[in-house]
Amino acid sequence: MPGWVLLDFGTDWCGHCIAARSAIDAWRDAHADIEHLRIEDGRGRPLGRAYQVKLWPTLILLRVGRELARVVRPREARDLWPLEQALA
């Protein structure tokens with residue numbers, strides 16, 4: 001995909017995903033120009049394996065298909081700082 005894309009790997013039933021959702025959604029809302037794709041991950045799902053996702057939620061910021069930042073199991077807004085740094 002062209003431009004910036006945030007891949008958001010997780011599930012609706014994952015406790016870590018549920019706990020992080022408000023911080024992730026706030027970051028997404030503050031960066032409306034970035035395409036945000038929530039990806040239901042799990043056993044046998046090839047996209048998560050292709051990105052070597054092992055824990056949920058895992059956020060991967062891409063620009064023109066190249067990974068620039070990754071955040072694993074954020075708990076609050078400050079945990080998303082690596083995404084901000086990649087945008088600078």
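Let's start with Arg28, which sits at 27% relative accessibility and so counts as partly exposed. Keep in mind as you look around that this is a predicted model. What does Arg28 pair with? Its partner is Asp25, and the two form a salt bridge whose closest N and O atoms are 3.2 Å apart. The spacing along the chain helps explain the pairing: Asp25 and Arg28 are 3 residues apart in helix α1, so about one helical turn separates them.

Asp25 has another partner, too. Its side chain also meets that of Arg21 in a salt bridge, with 3.5 Å from N to O. Here the two residues are 4 residues apart in helix α1, which covers residues 15-30, so once again the separation is about one helical turn. Is Arg21 buried or exposed? It counts as buried, because its relative accessibility is just 15%, and the cut-off for buried is under 20%.

Now move along to Asp41 and Arg49. Their side chains meet in a salt bridge as well, at 2.9 Å from N to O. The two ends of this pair sit in unlike surroundings: Asp41 is buried, at 3% relative accessibility, while Arg49 is partly exposed, at 39%. Back with the earlier residues, salt bridges that share partners join Asp8, Arg21, Asp25, Arg28 and Asp29 into one network. So when you look at Arg21, Asp25 and Arg28 on screen, view them as members of that network, together with Asp8 and Asp29. Across the whole structure, a search finds 8 salt bridges.

On to the cysteines. A disulfide is a covalent bond between the sulfur atoms of two cysteines. How many disulfides does the model have? The count comes to 0. Cys14 shows why: the closest cysteine sulfur to its own belongs to Cys17 and is 3.1 Å away, too far for a bond. The cut-off that matters here is 2.5 Å, since a pair of cysteine sulfurs has to be within that distance to count as a disulfide. Seen from the other side, Cys17 is in no disulfide either, with the sulfur of Cys14 as its nearest at 3.1 Å.

And how accessible are these two cysteines? Cys14 counts as buried, at 7% relative accessibility. Cys17 is buried as well, with a relative accessible area of 2%.

Note on methods:
Residues numbered from 1 in each chain as written. Predicted model: local features only at pLDDT ≥ 70, side-chain atom pairs only at ≥ 80, totals over all residues. Heavy atoms only, no water. Buried < 20%, exposed > 50% of the residue type's maximum accessible area, 1.4 Å probe, protein only. Salt bridge = Lys/Arg side-chain N within 4 Å of Asp/Glu carboxyl O.
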